[in-house]
Amino acid sequence: MRGGVVQIAGLVVMLVGAAIAAVVLLTGVLRQGERTDDEPLPERGTPIAHLAPLPADLDLQAWSGRVAGPTGVPARALTAYGAAERRQRAATPNCRLSWATLAAVGRVESDHGRLGDTHLDADGVARPPVIGVPLDGSSGVAEIPDTDGGRLDGDPAQDRAVGPMQFLPGTWARFGADGDGDGTRDPQDLDDAAAAAAAYLCADGRDTADGDGWWDGVLAYNRSLDYARRVWTAADRYATAAPSTATP
């Protein structure tokens, strides 16, 4: 990512793209949240499908179990995105952030913590950790010298994006959150990372239910129109595929 929260420029997109290509080659189908070649690209400012807020009394585990199948998003990841939505709507109600947007960012950044051989454990922690390439100014990446002594990314020379939502250490220092209330802020913990991403997307008074506000937030997360279009496609499909949030 460039500016603020950082996607590993090109790398994550290439890795996810390669994984998608392999799935298409082997099975002839795309995962939920990916654009097909014959679909028009969304224009900047296009809003995603409307989603009602998750009710405060909604059982997130039961909800995530219902939504996982239609959307293709793992239930454990959905629990983190749903909790982050409710937390952020309580903090900034005018932002109107939806779990679908957070899930779309997670899809593009790390396939919901499943990039390579990584998986989410029962606590929502990426194991092994998701660590990006060194941001050393080589082809396709920005140059960002180390800012945290390698504490988060293990690299004392250059910063690397970390965790399933791919935060720079410096950005994590500003937006890092304890999304699950365990007393720690861990970018490898999707509960924490999703809460931090929600705060970042809603920064500067943005309204993400408005088309312009949504695109401004995602482009602040990564200043790439191609990236924003990938996120939009996933978010719109997740929102469209999700069943009602009403308690059965």
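The second largest pocket holds about 210 Å³ of space. Keep in mind that this is a predicted model. Sixteen is the number to remember for the lining: of those 16 residues, A49, H50, L51, R96 and A209 are the closest to the centre of the pocket. By class, the lining has eight nonpolar residues, five polar ones and three charged ones. As background, rolling a probe the size of a water molecule over the atoms shows where empty space is left.

Next, a pair of helices. Helix α6 covers residues 190–201 and helix α7 covers residues 211–221. Their axes are 9 Å apart, and the two helices pack at an angle of about 120°. That angle makes α6 oblique to α7, because it falls outside the ranges for roughly parallel, roughly antiparallel and roughly perpendicular. Which residues make the contact? On the α6 side they are A197, Y200 and L201. On the α7 side they are G217, V218, A220 and Y221. Sorted by class, the contact of α6 with α7 has six nonpolar residues, one polar residue and no charged ones.

Helix α7 also takes part in a salt bridge, through D216. In general, side chains of opposite charge can pair when their charged atoms come close. Here the side chain of D216 meets that of R44, at 3.0 Å from N to O. Where do the two partners sit in the chain? R44 is in the loop between α1 (11–27) and α2 (60–71), while D216 is in helix α7. The two are 172 residues apart, so this pair links distant parts of the chain. The count of salt bridges for the model comes to ten.

Last, two points on the backbone. Most residues other than glycine have a negative phi, and most peptide bonds are trans. Where does the model depart from the usual sign of phi? At D111, which is not a glycine but has a positive phi of about 55°. D111 lies in the loop between α4 (99–110) and β1 (119–120). As for peptide bonds, the one joining R127 and P128 is cis, with omega at about -10°. P128 is found in the loop between β2 (126–127) and α5 (169–175).

Technical notes
Residues numbered from 1 in each chain as written. Predicted model: local features only at pLDDT ≥ 70, side-chain atom pairs only at ≥ 80, totals over all residues. Heavy atoms only, no water. 1 Å grid on protein atoms, 1.4 Å probe; cavity = no way out; pocket = protein on both sides within 12 Å on 5 of 7 lines; lining within 4 Å. Points joined across faces, edges and corners; volume = space filled by probe spheres on them. Nonpolar A, V, L, I, M, F, W, Y, C, P; charged D, E, K, R; others polar. Axes fitted to C-alpha atoms, helices over the stretch in contact; angles between N-to-C directions. Helix = DSSP H or I, 4+ residues; strand = E, 2+ residues; numbered from the N terminus. Parallel < 35°, antiparallel > 145°, perpendicular 65-115°, else oblique. Contact = heavy atoms within 4.5 Å. Salt bridge = Lys/Arg side-chain N within 4 Å of Asp/Glu carboxyl O.
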